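Colleague: Could you walk me through this model? I am new to it and would love to take it step by step.

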Amino acid sequence: MEQFLQVGVISSTHGIRGEVKVFPTTDDAARFKKLKKVLLDTDREQVELEIQSVKFFKQFVILKFKGIDNINDIEKYKGKSLLVPREDGVPLGRDEYYIADMIGMEVFVGDERFGVIKDVMETGANEVYIIDSDMHGEVLIPAIRQCVIDVDVEDKKMQIRLMDGLI
């Protein structure tokens, strides 16, 4: 399981005083109001940033970090991820999983290995698992009870049932 969960990606700067536009990758963007700090993944290290203020603009969250008061100090982090420790993640309900835990999960149909989850697509009705199958190429499986029989996050294994027309 992943130790850190992504809550957003810095998309651009906002103004000249060090604010950034963040595209939220969490189901609840309002959670940024409750966050005190995040980890900035610079690809080389994770830097802890204290959140000074939070605003919302269209689909973006505008963040101001304490100690970063100039556009030049934050501009280099465009496209970088903002993370929180797993313990600060949003509590999950029954049959809910963090996407970070799903990526790389092995998928089985009965005892036969079908493939590996390479991404999760969020749609209006339900999520769709994008599975890289050795035999069938890229396969889209809806995250519904009729298809997903069992998910074992600890062992990174999923058991599915292939409905007619899925491959």
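Modeller: Gladly! Let us begin with one residue: at 44% relative accessibility, Glu96 counts as partly exposed. Please keep in mind that this is a predicted model.

Colleague: Thanks! Where in the chain is Glu96 found?

Modeller: Glu96 has a relative accessibility of 44%, so it counts as partly exposed. Its place is in a loop, between strand S6 (81-85) and helix H2 (99-102).

Colleague: Which residues gather with Glu96 in a patch of negative charge?

Modeller: Glu96 is partly exposed, at 44%. The patch of negative charge lies on the surface. The residues that gather there with Glu96 are Asp27, Asp28 and Glu122.

Colleague: Stepping back, in what order do the helices and strands of the protein chain run?

Modeller: The protein chain has 2 helices and 12 strands. Read from the N terminus on, the order is β-β-β-β-β-α-β-α-β-β-β-β-β-β.

Colleague: And what share of the residues counts as buried?

Modeller: Buried means under 20% relative accessible area. The protein chain has 167 residues, and the share of them that counts as buried is 38%.

Colleague: Is Cys147 buried or exposed?

Modeller: Cys147 lies in the loop between strand S10 (137-142) and strand S11 (148-152). Leaving out residues up to four places away in sequence, it touches Ile141, Pro142, Gln159, Ile160, Arg161, Met163 and Leu166. Its relative accessible area is 0%, so Cys147 is buried.

Colleague: How many Å apart are Cys147 and Gly18 in space?

Modeller: In sequence, 129 residues separate Cys147 from Gly18. For scale, the C-alpha trace of the protein chain spans about 55 × 30 × 30 Å along its principal axes. From C-alpha to C-alpha, the distance between Cys147 and Gly18 is 46 Å.

Colleague: I am curious about charges too. Why does Arg31 have no salt bridge?

Modeller: Arg31 sits in the loop between strand S2 (19-24) and strand S3 (37-41), and it is buried. A salt bridge needs a side-chain nitrogen of Lys or Arg within 4 Å of a carboxyl oxygen of Asp or Glu. For Arg31, the nearest side chain of opposite charge is 5.9 Å away, and it belongs to Asp28.

Colleague: Which strands does the salt bridge of Glu19 and Lys55 link?

Modeller: The side chains of Glu19 and Lys55 meet in a salt bridge at 3.2 Å, N to O. The pair links distant parts of the chain, 36 residues apart: Glu19 is in strand S2 and Lys55 in strand S4 (residues 46-57).

Colleague: Is each partner of that pair buried or partly exposed?

Modeller: Lys55 has a relative accessible area of 41%, so it is partly exposed. Glu19, at 15% relative accessibility, counts as buried.

Colleague: How far apart in sequence are the parts that Glu138 and Lys118 tie together?

Modeller: The side chains of Glu138 and Lys118 meet in a salt bridge at 2.7 Å, N to O. Glu138 lies in strand S10 and Lys118 in strand S8 (residues 112-122), so the parts they tie together are apart in sequence by 20 residues.

Colleague: Last one: which residue is linked with Glu106 and Arg113 in a network of salt bridges?

Modeller: Glu106 and Arg113 meet through their side chains in a salt bridge at 2.8 Å, N to O. Glu106 counts as partly exposed at 27% relative accessibility, and Arg113 counts as partly exposed at 35%. The residue linked with them in the network is Asp134.

Notes
Residues are numbered from 1 along each chain as its sequence is written. This is a predicted model: local features need pLDDT of at least 70, side-chain atom pairs count only at pLDDT 80 or more; totals for chains, interfaces and linings use all residues. Side-chain values use heavy atoms; hydrogens and water are left out. Helices (H or I, at least four residues) and strands (E, at least two) are DSSP runs, numbered from the N terminus. Buried means under 20% relative accessible area, exposed over 50%, partly exposed in between (1.4 Å probe, protein chains only). Patches are made of residues with over 30% relative accessible area and no salt bridge: like charges are joined within 9 Å, nonpolar side chains (Val, Leu, Ile, Met, Phe, Trp, Tyr) within 5 Å. Accessible areas come from the Shrake-Rupley method with a 1.4 Å probe; for residues, only the protein chains shown count as cover. Lys and Arg count as positive and Asp and Glu as negative; His and the chain ends are not counted. The place of a charge is taken as NZ of Lys, CZ of Arg, CG of Asp or CD of Glu. Contact means heavy atoms within 4.5 Å.
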